[in-house]
Amino acid sequence: MKHILIIISFLLLSSLLTSCEKKEKILYGWKTSSGWEWKTMGDKNNNPQYKGEVKREYILFGDYILEGLGSLTSTDGDKYVGEWKDGKRHGEGTYTWSDGDKYVGEYKDGKSWNGTDYDKNGNILGKWVNGEIE
């Protein structure tokens with residue numbers, strides 16, 4: 001009986017600490033010495049703002065990780081709308097610069113992969129194939 005109580009206690013505690021569920025959040029980016037940290041507090045005028053799906057490795061203590069569909073708007077007006085995986089742009093998405101130029105296509109590990117660059121008038125500036133601009 002004692003062993004069963006220990007196992008049940010362990011399962012309940014681990015379910016409180018770990019999570020792979022995706023949830024919708026509004027987060028703000030904070031630059032740290034080890035990269036970006038995403039928090040629920042911030043100011044869209046001073047911090048990049050993310051709206052979309054996230055996962056949190058540990059419910060009580062873990063960091064938010066951008067995962068799924070979402071949009072990220074920088075303080076200078078650049079905006080990415082699309083897919084995220086493990087905190088990086090990964091999958092289909094559109095990045096629009098504040099001057100109106102944009103990239104539409106696939107990202108792989110945060111980098112342009114297969115897609116097209118357009119100017120603000122919709123003219124093609126270049127094409128990306130397997131991470132290389134043509």
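How many bridges pair β7 and β8, and in which sense do the two strands pair? The legends below walk through this predicted model one view at a time, and the second view takes up that question.

**View 1. The whole chain is built from one helix and 10 strands.**
Following the sequence, you meet the elements in the pattern α-β-β-β-β-β-β-β-β-β-β. The 10 strands form an open sheet with antiparallel pairing, in the order β2-β1-β3-β4-β5-β6-β7-β8-β9-β10. At the edges stand β2 (35-39) and β10 (132-133); each has a single partner strand, so one side of each is left without a neighbour in the sheet. Of the 134 residues in the protein chain, 28% are buried. The chain exposes about 9,200 Å², and carbon and sulfur atoms supply 54% of that area. Among the contacts with a separation of 6 or more, 22% are between residues 24 or more positions apart.

**View 2. Strands β7 and β8 lie side by side as an antiparallel pair.**
Here is the reply to the opening question: β7 and β8 pair in the antiparallel sense over seven bridges. To find one of the paired positions, look for Tyr107, whose bridge partner in β8 is Ser112. The hairpin of these strands has two residues between them, and Asp109 takes a positive phi near 55° there. Asp109 belongs to the loop between β7 (102-108) and β8 (111-118). Is Asp109 buried, partly exposed or exposed? With 48% relative accessibility, Asp109 counts as partly exposed, because the partly exposed class runs between 20% and 50%.

**View 3. Asp86 sits in another loop and also has a positive phi.**
The loop in this view lies between β5 (79-85) and β6 (88-96). Phi of Asp86 is near 50°, a positive value in a residue other than glycine. Asp86 is partly exposed, with a relative accessible area of 48%.

**View 4. From β8, the sheet carries on to β9.**
Four bridges join β8 to strand β9 (residues 124-129), and the two run antiparallel. Asp117 stands opposite Gly126 in β9. In the hairpin of β8 and β9, there are five residues between the strands, and Gly122 takes a positive phi near 90°.

**View 5. Strands β3 and β4 are joined by seven bridges.**
β3 covers residues 49-56 and β4 covers residues 64-73, and the two run antiparallel. Gln49 has Thr73 in β4 as its bridge partner. In this view you can also look for Arg56, which lies over the face of Tyr64 at 4.3 Å from the ring centre.

**View 6. Eight residues with aromatic rings gather into one cluster.**
The members are Trp36, Trp38, Tyr50, Tyr80, Trp84, Tyr103, Tyr107 and Trp128. A pair of aromatic rings is described by the distance of the centres and the angle of the planes. With ring centres required to lie within 6.5 Å, the count comes to eight aromatic pairs. One of them joins Tyr103 and Tyr107, with 5.0 Å centre to centre and 75° between the planes. Why is this pair called edge-to-face? The angle of 75° is over 60 degrees, so the pair counts as edge-to-face. Are Tyr103 and Tyr107 buried or exposed? Tyr103 is buried, with a relative accessible area of 1%, and Tyr107 is buried too, at 3%. Tyr107 may look familiar from View 2, where its bridge partner is Ser112.

**View 7. Two lysines, Lys39 and Lys31, are the landmarks here.**
The charged end of Lys39 sits over the ring of Trp30, 5.7 Å from its centre. Lys31 has its place in strand β1 (residues 22-32). Lys31 is exposed, with a relative accessible area of 61%. Lys31 and Pro48 are 17 residues apart along the chain, and 9.7 Å separates their C-alpha atoms.

**View 8. How confident is the predictor, and where is care needed?**
The mean pLDDT of the protein chain is 87, and 81% of its residues reach 70 or more. Over residues 10-19, however, the pLDDT is below 50. Beyond near neighbours in sequence, this stretch has 14 contacts in the model. Where pLDDT is low, the predicted coordinates should not be read in detail.

Conventions: Residues are numbered from 1 along each chain as its sequence is written. This is a predicted model: local features need pLDDT of at least 70, side-chain atom pairs count only at pLDDT 80 or more; totals for chains, interfaces and linings use all residues. Side-chain values use heavy atoms; hydrogens and water are left out. Rings of Phe, Tyr and Trp (its six-membered ring) pair if their centres lie within 6.5 Å; planes under 30 degrees apart count as stacked, over 60 as edge-to-face and the rest as tilted. Buried means under 20% relative accessible area, exposed over 50%, partly exposed in between (1.4 Å probe, protein chains only). A charge sits over a ring if NZ of Lys or CZ of Arg is within 6 Å of the ring centre and within 35 degrees of the ring normal. pLDDT is the predictor's confidence in each residue, from 0 to 100. Contact means heavy atoms within 4.5 Å. Accessible areas come from the Shrake-Rupley method with a 1.4 Å probe; for residues, only the protein chains shown count as cover. Two strands pair if DSSP finds at least two bridges between them.
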